[in-house]
Amino acid sequence: MTDANTPKTGPVTTRTGAVRTITAAVGEVLVSARGLQKSFGDRQVMKNVDFDMLVGDITVIIGKSGSGKSTLLRALAGLTEPDDGRIMFDGEIVFDEQKRTPVWKEVDSYIGMIFQSYTLWPHMDVAKNLTLAPRKKLGMSEDEAMERAKKSLAEVGMSQHLHSRPAQLSGGERQRAAIARALMMEPKLLLCDEITSALDPPVAAEVLGVLQRLKEEEGIAVALVTHDMAFASKAADRLVFFHEGEIAVNTTPDEAFNRSDNPELKKFVDAVRF
Ligand SMILES: Nc1ncnc2c1ncn2[C@@H]1O[C@H](COP(=O)(O)OP(=O)(O)OP(=O)(O)O)[C@@H](O)[C@H]1O
Ligand SMILES: [Mg+2]
């Protein structure tokens, strides 16, 4: 575990065989999106979205269903191609002129995404689920991958489940295993899309606590779509409110929840507060 002020910058060998080192330090911009646009048919889902993420920050994204939150995360993860705009990662252009640049392939192993529905392979135990990508993508040996799996599981408090199958785990345990799997690739950017929505509040709090500890100890940039306003106000460094495909508010959680005069944000917060 590294100190928050000395983030890991070790080189990784990527699928292209190239070696790239991430240079952004804590507090510096890791990801920067400008003018992202995306339409499905005649429906504009992202309208000119500008978005920055800093190393060591948790950015919480909130907003009504269909407002474009997942589309932004998917665009940053390389799962959706924007129609227009530019994305920079660690100071280099990874997406421009409607396509990914060659740099993308060199940095994509630094980007982890976790979804609401558990994406563990049901027929493999936790160890196999965790070691698959590093072995295939990074060419890691079985022993090395296994050592890293044990370390990742320890980080999320799941050491005892190395050989459990997903069906033998609770929802919160599966979600923590999914986080451990994302950690296997030593991401600098972790994109979490409603990963606690299906969990009981105490279990959700536990999973979110894991993320908070990780960003503090590992100095990674985390973006988190959540409906958990308590977590958003407590753990977020930045609070982004999406409204109809636009970032309507991007500020500190305190400012957003207590001093924003954005009428749509007020309506949204009132509606989810009970
Ligand atoms: N592959 C797709 N094809 C067509 N429309 C899509 C596709 N993906 C997303 N959309 C539409 O884009 C809009 C934004 O979707 P997105 O998933 O980003 O919303 P969201 O803010 O994440 O919502 P939720 O809170 O419900 O997850 C929605 O109206 C959705 O139906
Ligand atoms: Mg979504």
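Strands 9 and 10 run parallel and are joined by 4 bridges. Isoleucine 111 has leucine 189 of strand 10 as its bridge partner. Keep in mind that this is a predicted model. Both strands belong to an open sheet of 6 strands with mixed pairing, ordered 9-10-11-5-12-13, and the notes below work outwards from there.

**The sheet**
- At the edges sit strand 9 and strand 13 (246-251), each of which pairs on one side only.
- On average, neighbouring strands of this sheet are turned by 15° against each other, with direction ignored.
- Further in, strand 5 (residues 58-63) pairs with strand 11 (residues 221-225) in the parallel sense, over 4 bridges.
- Isoleucine 58 faces valine 222 of strand 11.
- Edge strand or not, strand 9 is covered on both faces: Ile111 and Met113 are buried on one side, Gly112 and Ile114 on the other.
- That split fits the usual pattern, since side chains in a regular strand alternate between the two faces of the sheet.

**Helix 1 and ligand 1**
- Helix 1 lies across strands 5, 9, 10, 11 and 12 (238-243), and runs at about 150° to strand 10.
- Helix 1 (residues 69-77) is also the top contributor to the shell around ligand 1, giving 3 residues.
- Who surrounds ligand 1? The residues are Phe40, Val45, Gly63, Ser65, Gly66, Ser67, Gly68, Lys69, Ser70 and Thr71.
- By type, that shell breaks down into 7 polar residues, 2 nonpolar and 1 charged.

**Helix 5**
- Helix 5 covers residues 171-183, so to speak a by-the-book helix: its 13 residues reach 18 Å from first C-alpha to last, close to the 18 Å expected at 1.5 Å a residue.- Helix 5 is mostly covered, with 12 of its 13 residues buried.
- Among the buried ones are Arg174, Arg176 and Arg181, along with Glu173 and Gln175.
- The buried residues of helix 5 pack against two strands of the sheet, strand 9 (111-114) and strand 10 (189-193).
- They also pack against helix 3 (126-137), helix 4 (142-155) and helix 6 (201-218).

**Valine 156**
- Valine 156 sits in the loop between helix 4 and helix 5.
- Is valine 156 buried or exposed? It counts as buried because it has 24 C-beta neighbours inside 10 Å, where 20 or more is the cut-off.
- Setting aside neighbours within four places in sequence, valine 156 is in contact with Arg176, Ile179, Ala180 and Val210.
- Of these contacts, Arg176, Ile179 and Ala180 are buried residues of helix 5.
- Valine 156 and aspartate 42 are 114 residues apart along the chain, and their C-alpha atoms are separated by 43 Å.

**Two positive phi values**
- Most residues other than glycine have a negative phi, which makes the next two worth a look.
- Aspartate 90 has a positive phi of about 50° although it is not a glycine.
- Aspartate 90 lies in the loop between strand 6 (84-89) and strand 7 (92-96).
- Aspartate 90 counts as buried because 22 C-beta neighbours lie inside 10 Å.
- Glutamate 194, not a glycine either, has a positive phi of about 50°.
- Glutamate 194 is found in the loop between strand 10 and helix 6.
- With 19 other C-beta atoms within 10 Å, glutamate 194 is partly exposed, because being buried takes 20 or more.

Conventions: Residues are numbered from 1 along each chain as its sequence is written. Chains are lettered from A and ligands numbered from 1 in the order in which they are written. This is a predicted model: local features need pLDDT of at least 70, side-chain atom pairs count only at pLDDT 80 or more; totals for chains, interfaces and linings use all residues. The expected span of a helix is 1.5 Å times one less than its number of residues. Two residues are in contact if their C-beta atoms, placed from the backbone, lie within 7 Å. A residue is near a molecule or strand if its C-beta atom, placed from the backbone, lies within 6 Å of it. Ala, Val, Leu, Ile, Met, Phe, Trp, Tyr, Cys and Pro count as nonpolar, Asp, Glu, Lys and Arg as charged, and the others, Gly among them, as polar. Two strands pair if DSSP finds at least two bridges between them. Axes are lines fitted to C-alpha atoms, for helices over the stretch in contact, and angles run from 0 to 180 degrees between N-to-C directions.
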